[in-house]
Amino acid sequence: MQINVSGHHLDITQALKNYVETKAERLERHFDRITNVNVILSVEKQRQKAESTIRIRGGEVYADAQADDLYAAIDLMVDKLDRQLIKQKEKSKDRKQRG
């Protein structure tokens, strides 16, 4: 799994990059066919935003989150991605069982 972290109006520190990578590794527990993860962190006045696009075999999954703290926004984004990947995995299992 390749993880790309970039910032919009924000310099990405090594601590932020490590935090995103450790949280993204959690996603592989539920869905093992992740090929690429693009994460964009941005700051606009008081709004901290984290958005991510995950490329998986068979499509893409997108999620974004906003919070007062950038670390909290990353946590919310990863939770959303986690739920979407679990749902995607259940869909693929249903298709295999029908066929």
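The following paragraphs lead through the fold, the strand pairing, the ring contacts and the internal cavity of a predicted model.

Because the model is predicted, local features need pLDDT of at least 70 and side-chain atom pairs count only at pLDDT 80 or more, whereas totals for chains, interfaces and linings use all residues. Residues are numbered from 1 along each chain as its sequence is written, and side-chain values use heavy atoms, with hydrogens and water left out.

The chain holds 2 helices and 4 strands, where helices (H or I, at least four residues) and strands (E, at least two) are DSSP runs numbered from the N terminus. Read from the N terminus on, these elements follow the order β-α-β-β-β-α. Taken along the principal axes, the C-alpha atoms fill a box of roughly 50 × 20 × 20 Å. Of the 99 residues, 33% count as buried, a class that means under 20% relative accessible area, with exposed over 50% and partly exposed in between (1.4 Å probe, protein chains only).

Strand β3 offers a convenient place to begin. Strands β2 and β3 pair in the antiparallel sense over 10 bridges, and β3 (residues 47-56) pairs with β4 (residues 59-67), also in the antiparallel sense, over 9 bridges; two strands pair if DSSP finds at least two bridges between them. Within the first of these pairings, Val 39 stands opposite Ser 52 in β3, while in the second Ile 54 stands opposite Val 61 in β4 and Arg 55 has Glu 60 as its bridge partner. Both pairings are hairpins: β2 and β3 have 2 residues between them, with Lys 45 in the turn at a positive phi of about 55 degrees, and β3 and β4 likewise have 2 residues between them, with Gly 58 in the turn at a positive phi of about 105 degrees. Since 7 of the 10 residues of β3 are buried, this strand is largely enclosed by the rest of the structure.

The two helices meet through their rings. The count comes to 1 aromatic pair, under a rule by which rings of Phe, Tyr and Trp (its six-membered ring) pair if their centres lie within 6.5 Å, planes under 30 degrees apart counting as stacked, over 60 as edge-to-face and the rest as tilted. Tyr 19 and Tyr 71 form this pair in the edge-to-face arrangement, at 4.8 Å centre to centre and 85 degrees between the planes. Because Tyr 19 lies in helix α1 and Tyr 71 in helix α2, the pair ties together parts that are 52 residues apart in sequence. Tyr 19 is partly exposed, with a relative accessible area of 22%, and Tyr 71 is partly exposed at 31%.

Finally, the structure holds 1 cavity of 30 Å³ or more, and about 40 Å³ of space lies in the largest cavity. Here a cavity is a set of points on a 1 Å grid over the protein atoms alone where a 1.4 Å probe fits but cannot get out, and lining residues have an atom within 4 Å of a point; grid points are joined across faces, edges and corners, and the volume is the space filled by probe spheres set on the points. Helix α1 (14-25), strand β2 (34-44) and helix α2 (70-98) each supply at least two lining residues, with α2 giving the most, at 4 residues. Among the lining residues are Val 39 and Ser 52, the two that stand opposite each other across β2 and β3.

Notes: 1 Å grid on protein atoms, 1.4 Å probe; cavity = no way out; pocket = protein on both sides within 12 Å on 5 of 7 lines; lining within 4 Å.
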